[in-house]
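Let us read a protein model together, one feature at a time. Keep the sequence and the structure in view.

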Amino acid sequence: MDKVQQVPKPDLKQIEGIIASCKDQKWPLIPLLQRIQEEVGYIPPETINPIARAFGLFPSQVQGVITFYEQFYTTPRGRKVVRVCRGTACHVRGGKTILKLVKQNLGLEEGETSPDLEYTLETVACIGVCALAPNIVIGKETHGNMNPKKVSQLLGDKKGSG
Ligand code: FES
């Protein structure tokens, strides 16, 4: 269940500008989608038709690329994405408790985004730093050797934000 509420409408003028700035590139579609996501936070479904028109593609072709690459999201995500590792090494070293505490602090379940679009909570299979288990990633920063005290230092009580 998604907690996102009152999602602001995407600024289509801004998106048209991004499309225009990528038109002269040789293989523009993926860099264009990356740029839209970087600037808007996700790929609003309303952008698929203008993109297809600009590059002479079918909307289904644009949609196909968005669906194919896991890096693209078509729903808004939080400014900070918190990923809790569910891999084996993290699991045996208390990852389940860490996930529970992160959920409590953020007031979110997996896959949910806070109403103020500040946080999205996800889990991942393994982030490749098993020696530091249990691990979480906040944005681009990895935090290893997590324990309940570190969870509350990093995330405090964010419940009810927004
Ligand atoms: S299992 Fe968590 S980092 Fe590898």
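**Reading the fold**

Q: Which way does β1 run relative to β3, parallel or antiparallel?
A: This is a predicted model. To read a strand pair, look for its bridges and its direction. Strands β1 and β3 (residues 136–138) run antiparallel, joined by three bridges. One residue to find is R83, whose bridge partner in β3 is V137.

Q: How many bridges join β1 to β2, and which way do these strands run?
A: Strand β1 covers residues 80–85 and β2 covers residues 119–124. Six bridges join them, and they run parallel. Find V84: T123 in β2 stands opposite. Between the two strands, the chain passes through helix α5 (residues 88–106), and this β-α-β crossover is right-handed.

Q: What pattern does the protein follow along the sequence?
A: List the helices and strands in order. The protein reads α-α-α-α-β-α-β-β-β-α. That gives six helices and four strands.

Q: Which residues of α1 are buried?
A: Count neighbours: a residue with 20 or more other C-beta atoms within 10 Å of its own is buried. In α1 (residues 12–22), I15, I19 and C22 are buried.

Q: Why do the buried residues of α1 line one face of the helix?
A: Look down the axis of α1. Its buried residues fall within an arc of 70°, so they line one face. On the other side, K13, Q14, G17, A20 and S21 are exposed.

Q: What do the buried residues of α1 pack against?
A: Follow their contacts. They pack against α2 (29–40) and α3 (48–55).

Q: What share of the protein's residues is buried?
A: Now take the whole chain. Of its 162 residues, 23% are buried.

Note on methods: Residues are numbered from 1 along each chain as its sequence is written. This is a predicted model: local features need pLDDT of at least 70, side-chain atom pairs count only at pLDDT 80 or more; totals for chains, interfaces and linings use all residues. Two strands pair if DSSP finds at least two bridges between them. A crossover is right-handed if, with the strands pointing away from the viewer, the path from the first strand over the helix to the second runs clockwise. A residue is buried if 20 or more other C-beta atoms lie within 10 Å of its own, exposed if 12 or fewer, and partly exposed in between; C-beta atoms are placed from the backbone. The arc is that of the directions from the helix axis to the C-beta atoms. Two residues are in contact if their C-beta atoms, placed from the backbone, lie within 7 Å.
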